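Here is a walk through some helix packing, a few empty spaces and a couple of backbone oddities. Have the coordinates open as you read.

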Amino acid sequence: MPPSETIWVFGDQLNRAIGAMATANPTTHRILLITAKDKIASRAWHPARVALYTRAIEAFAAELRDAGFQVDHQHAVSMRAAVKAHRATHSPTRITVTEPNSFTARQLVNELGCNVVRSNQFLTHPDEFATWADTRKSFKMEDFYRWQRRRLDYLMDGDEPEGGEWNYDEQNRERPPKDGHDRWPVPVDVWATTRAGALERLDFFIKRVLPMFGPHEDAMIADNWHLAHSVLSPYLNLGLLLPGEVCDRVEKEFRAGRVPINSAEGFIRQIIGWREYVWNLYWRWMPEYATLNALDAQLDLPPLFTGAAPTQMRCVSGILSDIETRGWVHHIPRLMVLSNLALVTGTNPQEFLDWMREVFIDATEWVMVPNVIGMGVHADGGKMMTKPYAAGGAYISRMSNYCKTCVYDPKLRIGASACPFTTLYWDFLDRHSETFAKNHRMSQQIFGLKRLNDLPELKVRAKEVLKGLEQGKI
Ligand SMILES: Cc1cc2nc3c(=O)[nH]c(=O)nc-3n(C[C@H](O)[C@H](O)[C@H](O)COP(=O)(O)OP(=O)(O)OC[C@H]3O[C@@H](n4cnc5c(N)ncnc54)[C@H](O)[C@@H]3O)c2cc1C
Ligand code: SF4
């Protein structure tokens with residue numbers, strides 16, 4: 001007897017432990033996987049991303065066939081067409097899906113009459129998040145994180161945090177080391193496409209990199225693309241790795257005394273804190289959230305982002321070149337260089353979001369939207385983060401070695417060699433000074449702005465910089 005039921009697995013649920021797959025059986029379930037041409041053609045995706053997604057689906061199909069499943073891997077013009085073709089050929093009694101990870105996909109599976117089962121791909125289902133969020137006015141990540149630590153029992157000593165502190169950020173914001181850049185073990189520079197491959201990368205990270213994860217988390221080095229980051233986001237987002245298993249490994253290494261508390265805590269916070277937090281903000285605030293533009297930023301995306309114009313800004317050109325190579329850079333270039341540039345130039349948030357979604361290999365909608373709209377460019381007016389991550393060249397200079405070889409000077413805010421970040425940072429504060437005057441977390445910056453004695457010249461230079469960006473001369 002052929003299997004009577006179908007389980008439809010989305011391309012970001014590639015794991016036999018997720019939802020409906022956890023109880024799937026080759027005698028009763030056929031598996032439907034879809035590679036939809038309209039999705040691939042819908043944007044100018046980074047080629048590495050298209051390759052990763054399509055190969056990972058093919059590899060999962062092969063893994064399931066090896067395990068005895070009948071797999072219908074449809075290559076169709078659209079998801080809808082693929083489901084129609086599958087139904088016509090196999091007449092399943094029903095098609096079951098695990099709650100998909102985007103609004104559009106959830107709408108589609110409902111329209112197609114699928115049987116939807118609860119997802120366990122994340123550690124915090126939106127129902128669970130609601131038990132925390134419904135009782136408060138604002139959703140501070142730090143409060144959520146402490147709730148998660150207690151609830152999930154990671155790095156706890158009874159009801160108190162292991163080591164006595166919830167957070168070791170003070171130890172984790174070291175400047176980049178001047179030398180020894182080759183001491184960080186280099187991850188394999190080809191993306192894994194199978195669970196086995198992703199588990200190998202996890203193993204490499206845990207054994208070789210994690211002990212050093214903490215201290216230089218925020219540093220950027222021109223000749224080292226990975227530093228001590230895990231480079232695991234694509235695997236987590238595809239479902240090849242699950243957040244719980246990753247955190248369990250980290251906790252185990254800490255308990256065995258092989259990893260210091262600041263590295264273990266810093267990493268676990270990224271997963272049970274930030275990752276689960278943005279996942280849940282996505283479900284709470286979307287779809288309107290993606291359209292917000294609280295600072296009324298209307299500049300067209302500067303052409304340097306797409307490569308339509310060159311740039312002399314060493315930090316930006318270095319990061320764009322890293323993105324072109326592998327579709328990935330770590331958190332600080334995304335936040336403090338790319339998003340910061342979009343923020344201080346007043347670039348339209350939706351144009352910037354579209355670009356970010358296209359160029360990153362790990363850019364799933366649920367994670368990219370809150371990170372860009374809320375954290376990156378403050379387009380939500382402070383719903384997610386209480387203040388914008390705007391910074392001048394001094395920050396980039398302190399946390400990286402880019403400025404040493406740049407034509408601009410991070411200390412200067414006016415004149416032809418002034419760092420564009422520095423000029424635009426002050427111009428940004430001035431443009432929004434009324435809005436930020438009401439924000440006590442911005443009082444120091446606004447106080448600094450009021451003390452500037454060259455604001456008129458700075459405003460002139462800011463105009464030149466924006467024009468220069470448009471013309472590819474900055
Ligand atoms: C503007 C902006 C856009 C971003 N876009 C994406 C994106 O499209 N996809 C994506 O996976 N991450 C995104 N992030 C979050 C973070 O930058 C990446 O997850 C991280 O750089 C991936 O590298 P890693 O695996 O080495 O992370 P590590 O530094 O080793 O951290 C470990 C893991 O923690 C999780 N994590 C850490 N920070 C965040 C965060 N802010 N939000 C969600 N998860 C987090 C990731 O799963 C990551 O793999 C974005 C951050 C910013 C500021
Ligand atoms: S001087 Fe300014 S533009 Fe140049 S690398 Fe430093 S921060 Fe970037």
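## Helix 5 against helix 6

Helix 5 and helix 6 cross in a right-handed way. Keep in mind that this is a predicted model. Helix 5 covers residues 126-133, and its axis sits 11 Å from that of helix 6, with the two packing at an angle of about 120 degrees. Since angles from 65 to 115 degrees count as roughly perpendicular, that angle makes helix 5 oblique to helix 6.

Who does the touching? On the helix 5 side you'll find Glu128, Phe129, Thr131 and Trp132, and they meet Asp143, Phe144, Trp147 and Arg151 of helix 6. Sorted by class, this contact has 4 nonpolar, 1 polar and 3 charged residues.

## Helix 16 and its two partners

Now jump to helix 16, residues 420-431, which packs with helix 18, residues 443-450. Their axes come within 10 Å and cross at roughly 100 degrees, so helix 16 and helix 18 are roughly perpendicular to each other. Helix 16 brings Tyr425, Trp426, Leu429 and Asp430 to this contact, while helix 18 brings Gln445, Ile446, Gly448 and Leu449. The class split here is 5 nonpolar, 2 polar and 1 charged.

Helix 16 also packs with helix 19, residues 455-471, and here the axes come within 9 Å and cross at roughly 115 degrees. The crossing of helix 16 with helix 19 is left-handed. From helix 16, the residues involved are Pro420, Thr423, Leu424, Trp426, Asp427, Asp430 and Arg431. They face Leu455, Leu458, Lys459, Arg461, Ala462, Val465, Leu466 and Leu469 of helix 19. That contact divides into 9 nonpolar, 1 polar and 5 charged residues. Trp426 and Asp430 turn up in the contact with helix 18 and again in the one with helix 19.

## Closed spaces inside

How many cavities of 30 Å³ or more are there? The count is 5. The largest cavity has a volume of about 90 Å³. It has 13 lining residues, and those closest to its centre are Cys315, Cys403, Cys406, Cys419 and Phe421. Helix 11 (314-326), helix 15 (393-399) and helix 16 each give two or more residues to this lining, so helix 16 shows up here as well. By class, the lining has 11 nonpolar, 1 polar and 1 charged residues.

The second largest cavity comes to about 70 Å³. Its lining is made of Met220, Ile221, Ala222, Asn224, Trp225, Leu227, Ile319, Asp322, Val329, His330, Pro333 and Tyr402. In class terms, that gives 9 nonpolar, 2 polar and 1 charged.

## An open pocket

Among the pockets, the second largest has a volume of about 900 Å³. It is lined by 29 residues, and Phe10, Lys39, Met79, Ser102 and Ala105 lie nearest its centre. The elements giving two or more residues to this lining are strand 2 (29-36), helix 1 (37-41), helix 2 (47-66), helix 3 (79-90) and helix 4 (103-111).

Which element gives the largest share of this lining? Helix 2 does, with 5 residues. The lining of this second largest pocket divides into 13 nonpolar, 8 polar and 8 charged residues.

## Two backbone spots to check

Most residues other than glycine have a negative phi, and most peptide bonds are trans. Two places here go the other way. Leu155 isn't a glycine, yet it has a positive phi of about 50 degrees. You'll find Leu155 in the loop between helix 6 (141-152) and strand 6 (156-157).

The other spot is the peptide bond from Met286 to Pro287, which is cis, with omega near 0 degrees. Pro287 belongs to the loop that runs between helix 10 (261-285) and helix 11.

Terms used
Residues numbered from 1 in each chain as written. Chains lettered and ligands numbered in written order. Predicted model: local features only at pLDDT ≥ 70, side-chain atom pairs only at ≥ 80, totals over all residues. Heavy atoms only, no water. Axes fitted to C-alpha atoms, helices over the stretch in contact; angles between N-to-C directions. Helix = DSSP H or I, 4+ residues; strand = E, 2+ residues; numbered from the N terminus. Parallel < 35°, antiparallel > 145°, perpendicular 65-115°, else oblique. Contact = heavy atoms within 4.5 Å. Nonpolar A, V, L, I, M, F, W, Y, C, P; charged D, E, K, R; others polar. Left-handed = near helix turned anticlockwise from the far one by under 90°. 1 Å grid on protein atoms, 1.4 Å probe; cavity = no way out; pocket = protein on both sides within 12 Å on 5 of 7 lines; lining within 4 Å. Points joined across faces, edges and corners; volume = space filled by probe spheres on them.
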